[in-house]
Amino acid sequence: MASGQGKGSPLVGYGRPHPPRPGKPPWARTAVAAVKEEASSGRRAEMTTTGMMMMMMMSSPTSMKNMERELLCPVCKEMYKQPLALPCLHSVCHICATEVLLQQGYICPDPNSEPSSPASSPAARSPRIGRRVVPKTERLDRLLKSGFGTYPGRKRGGLGSPSGALTVLFPCPSCQREVDLGERGLGSLFRNLTLERVVERYRHTIDVGSAILCQSCKPPAQEATKGCTECKSSFCNECFKLYHPWGTQKAQHEPTPPTLNFRPKGLTCPEHREEVTHYCKTCQRLVCQLCRVRRTHTGHKITPVANAFQALKEKLTKSLTYILSNQDTVQAQISELEETLRLTEANGAQAKEEVGRLMRGLVALLEEKQAGLLGAIEECRQSRLQSLRAQLHQHRSMEENSGMVGYAQEVLKETDQPCFVQAAKQLHHRIARAVDSLQTFRPAASASFSHFQVDLSREMKLLADLTFVKAPEAPVIDTQRTYAYDQIFLSWRLPQHSPPAWHYAVEFRRAEPKGKALKLWQRREEVRGTSAAVEVVEAGGLGAVYVLRVRGCNKAGFGEYSEEVYLHTPPAPVLNFFLDNRWGFNRERLAISKDQRAVRSVPGLPMLMAAERLMTGCHLSVDLVIGDVAVTQGRSYWACCVDPSSYLVKVGVGLESKLQEWFQVPQDVASPRYDPDSGHDSGAEDTTLEASPPFAFLTIGMGKILLSASRDPSSCTVPLPPRVGICLDYERGKVSFLDAVSFRSLWECGVDCSGPVCPAFCFVGGGALHLQEMVAARQERKVTIGGFAKMD
């Protein structure tokens with residue numbers, strides 16, 4: 001609202017408004033009044049957005065300058081003029097949006113055309129009226145090419161009917177995304193009146209003393225005293241009378257205070273020109289009564305605009321209050337960012353200096369290497385030249401006019417035989433060497449320097465690939481080798497083209513249910529290799545879920561984290577045992593491995609003969625193998641892997657004494673698995689014997705698990721998991737069979753625990769299984785949760 005427009009400066013007839021009082025400007029008095037009104041109503045903490053903004057503008061010139069950034073159009077970089085609200089919630093000037101669509105090849109109506117403007121009636125032109133400012137030629141050319149009477153945003157060459165219109169895509173300059181404006185283009189957008197009001201208040205704030213001039217006078221324009229909402233212009237007294245002659249319809253226009261921005265009283269639907277009364281939460285768009293009943297909003301969540309106004313205002317006020325009440329945190333974060341900025345500049349300069357130093361060292365090394373190679377070539381060249389010069393001198397001595405030939409000819413003229421022998425002996429050696437050199441001529445040195453070639457292909461490739469060291473990529477967790485048993489064993493590998501890692505950091509924490517505070521990550525640095533063992537020693541570690549992740553490190557620092565892997569720890573302490581190879585199994589049909597952790601059933605000839613007589617009636621033998629330990633108290637857990645091709649395998653537990661009787665094992669075999677005095681009450685044992693069977697087995701065959709308790713034939717079997725877990729609760733007399741990977745329960749039943757109970761495995765036909773390997777036996781690096789790390 002323009003200065004002099006408030007309650008303190010009412011219009012007197014059609015004259016000019018009273019000048020504002022000296023002292024505080026009108027916007028300041030308006031802001032103070034708004035704040036006082038809020039305080040008097042008992043809502044000090046819930047100030048309106050306008051009041052808060054005014055208070056911020058009054059606080060310091062810096063805040064006003066900072067707010068100006070929010071009022072600039074991202075296209076023209078000037079303050080908004082008739083801004084339109086895009087579907088992406090950003091705003092842009094109407095004329096800027098039109099020009100952007102024109103550049104994209106769309107046809108848009110002229111945003112400057114105002115049929116009700118005074119300039120549209122040349123007959124009523126005032127003598128003070130000057131020429132209107134003509135737009136630039138190229139801009140006017142684009143605007144004149146627009147097709148009036150069509151939907152804004154019509155693509156050139158499109159159909160004339162709305163049904164054949166194309167969807168208009170507007171490139172938002174703020175979020176850099178293509179925004180769908182629908183078939184109507186700019187005609188479907190709402191005008192951002194709130195932003196217009198903020199811009200106008202800001203303009204009056206930074207320039208309080210400026211007067212609004214008449215928009216119809218020719219220069220020099222007079223100060224405007226009235227405005228007309230219908231004509232959308234401000235006038236002086238003379239121009240207002242001229243454009244609103246007595247006895248015409250325009251004379252009924254009601255004058256308003258002068259302003260530079262005429263806005264409608266409220267938002268209207270761009271399609272139906274009706275007042276918006278509701279808000280569609282699904283479309284996030286204001287709608288009128290006609291839009292509400294249309295099929296496009298069927299089933300949408302629509303609420304009255306008053307409710308949407310109140311909810312959004314409360315959220316905005318709450319968020320703004322939080323920001324204003326946490327200015328200390330804002331300043332602390334600003335300080336941290338400034339320190340980070342300073343360190344970034346310093347570290348960047350240091351990194352540049354380090355690279356420059358390395359490059360200078362590389363250049364120095366190359367220069368030193370160049371000097372050495374050139375020196376070797378020069379030394380070889382001088383040696384060859386010396387040899388060739390000596391050879392050349394020798395051959396020149398054999399020329400006819402040379403001294404040696406002439407001297408030899410003169411010696412041959414000697415007639416005194418003793419003197420001739422004395423002189424010719426040394427000369428003959430020279431002549432013989434010359435003759436030999438002439439007959440076996442070969443240059444003393446080669447003129448080729450081909451063996452001094454340097455192969456720099458590998459070095460050039462290395463130099464071409466010379467770049468900054470990259471941190472390792474995110475490791476890939478090997479889910480086949482990662483499992484939780486007596487400890488958590490984590491295995492990983494780097495992607496194929498990942499830079500190497502010097503060492504790894506393993507991080508882990510216990511997963512908590514939703515709504516409960518998450519525990520902090522525990523970290524172990526410098527883990528060598530691609531696997532690590534995590535020992536669970538903290539309270540409540542059994543039956544819990546742990547989250548683990550890993551990342552590599554090299555000279556460039558730490559790389560990205562791997563995907564988090566969730567591992568469920570066993571519900572009870574792991575029972576470590578071996579298969580007993582001394583009693584309780586048929587040595588002819590069962591073969592136990594040397595480490596006593598695997599067994600294979602080899603039926604052989606008896607099985608084939610039984611299969612041949614199967615139609616005549618026979619029974620198949622059941623081979624038994626048990627563990628070398630027995631459970632006498634507490635809860636125990638172990639797991640095994642069964643070969644999916646096994647014919648029939650039973651895994652479970654049983655009373656050692658009953659298993660001996662059932663499989664006709666001699667009773668006098670001494671067993672070292674337990675203390676004879678187990679400490680159990682015999683009465684309790686008798687009771688348990690009456691209620692529970694002496695053994696419990698889970699039947700596995702041909703890759704399936706038979707659930708005997710299931711009544712539905714279609715669900716009586718489930719696929720065999722990679723590992724089967726057995727959990728024995730000795731005190732409760734219960735045994736549970738689990739999927740050892742997901743720890744999903746497969747079957748649970750009772751078992752007689754009146755005496756020592758031992759693990760048992762039965763085979764019918766061919767089959768194989770092996771006990772789960774203890775993580776502690778892998779001799780891998782250990783990472784202890786809740787304690788210190790140690791090496792095996």
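This is a short tour of selected strands, residues and a surface patch in a predicted model.

**Stop 1: a small sheet**

Start by selecting strands 1, 2 and 7. They form an open sheet of 3 strands, in the order 2-1-7, with antiparallel pairing. Look at the edges next. Strand 2 and strand 7 (190-191) stand there, each with a single partner strand, so one side of each has no neighbour in the sheet.

Now select strand 1 (residues 83-85) together with strand 7. The two run antiparallel and are joined by 2 bridges. Pick out L84: opposite this residue, in strand 7, stands R191.

**Stop 2: S91**

Move to strand 2, residues 91-93, and select S91. Is S91 buried or exposed? With a relative accessible area of 9%, S91 is buried, because the cut-off for buried is under 20%.

Show the side chain of S91 and that of N192. A polar contact of 3.0 Å links the two side chains. Then display what else surrounds S91. Setting aside neighbours within four places in sequence, its contacts are P74, Y80, P83, L84, A85, N192 and L195.

**Stop 3: L186**

Go to the loop between strand 6 (178-182) and strand 7, and select L186. L186 has 6% relative accessibility and counts as buried. Now add T98 to the selection. How far apart are L186 and T98 in sequence and in space? They are separated by 88 residues in sequence, but by 7.9 Å in space, C-alpha to C-alpha.

**Stop 4: a nonpolar patch**

Switch to a surface view. Select V355, M359, L373, V454, L456, M460, L463, L466 and F468. Together they make a nonpolar surface patch of about 830 Å². Two elements give two or more residues to this patch: helix 10 (327-396) and helix 13 (457-464). Which of the elements gives the most? Helix 10 does, with 3 residues.

Zoom in on V454. This patch residue sits in the loop between helix 12 (417-439) and helix 13. V454 has a relative accessible area of 48% and is partly exposed. That value falls in the partly exposed class because exposed means over 50%.

**Stop 5: strand 20 and its partners**

Select strand 20, residues 545-554. How many of its 10 residues are buried? The count is 9, so the strand is mostly covered, given that buried means under 20% relative accessible area.

Bring in the partners one at a time. Begin with strand 17 (residues 503-510), which pairs with strand 20 in the antiparallel sense over 8 bridges. Within this pair, find Y504; G552 in strand 20 stands opposite.

Next, add strand 21 (residues 557-558). It runs antiparallel to strand 20, and 2 bridges join them. Select N554 and look for its bridge partner, G557 in strand 21. Strand 20 and strand 21 make a hairpin, with 2 residues between them.

**Stop 6: strand 22**

Finish with strand 22. It pairs with strand 20 in the antiparallel sense, over 4 bridges. Two facing pairs are worth selecting. L548 stands opposite V565, and V547 stands opposite Y566.

Now turn on the side chains of strand 22, residues 565-568. In a regular strand, side chains alternate between the two faces of the sheet. Which residues of strand 22 point to the buried face? V565 and L567 point to one face and are buried. Y566 and H568 point to the other face and are not buried.

Terms used. Residues are numbered from 1 along each chain as its sequence is written. This is a predicted model: local features need pLDDT of at least 70, side-chain atom pairs count only at pLDDT 80 or more; totals for chains, interfaces and linings use all residues. Side-chain values use heavy atoms; hydrogens and water are left out. Buried means under 20% relative accessible area, exposed over 50%, partly exposed in between (1.4 Å probe, protein chains only). A polar contact is a pair of N or O atoms within 3.5 Å; within protein, one must be able to donate a hydrogen and the other to accept it, and residues adjacent in sequence count only if both atoms are side-chain atoms. Contact means heavy atoms within 4.5 Å. Patches are made of residues with over 30% relative accessible area and no salt bridge: like charges are joined within 9 Å, nonpolar side chains (Val, Leu, Ile, Met, Phe, Trp, Tyr) within 5 Å. Accessible areas come from the Shrake-Rupley method with a 1.4 Å probe; for residues, only the protein chains shown count as cover. A salt bridge is a side-chain nitrogen of Lys or Arg within 4 Å of a carboxyl oxygen of Asp or Glu. Two strands pair if DSSP finds at least two bridges between them.
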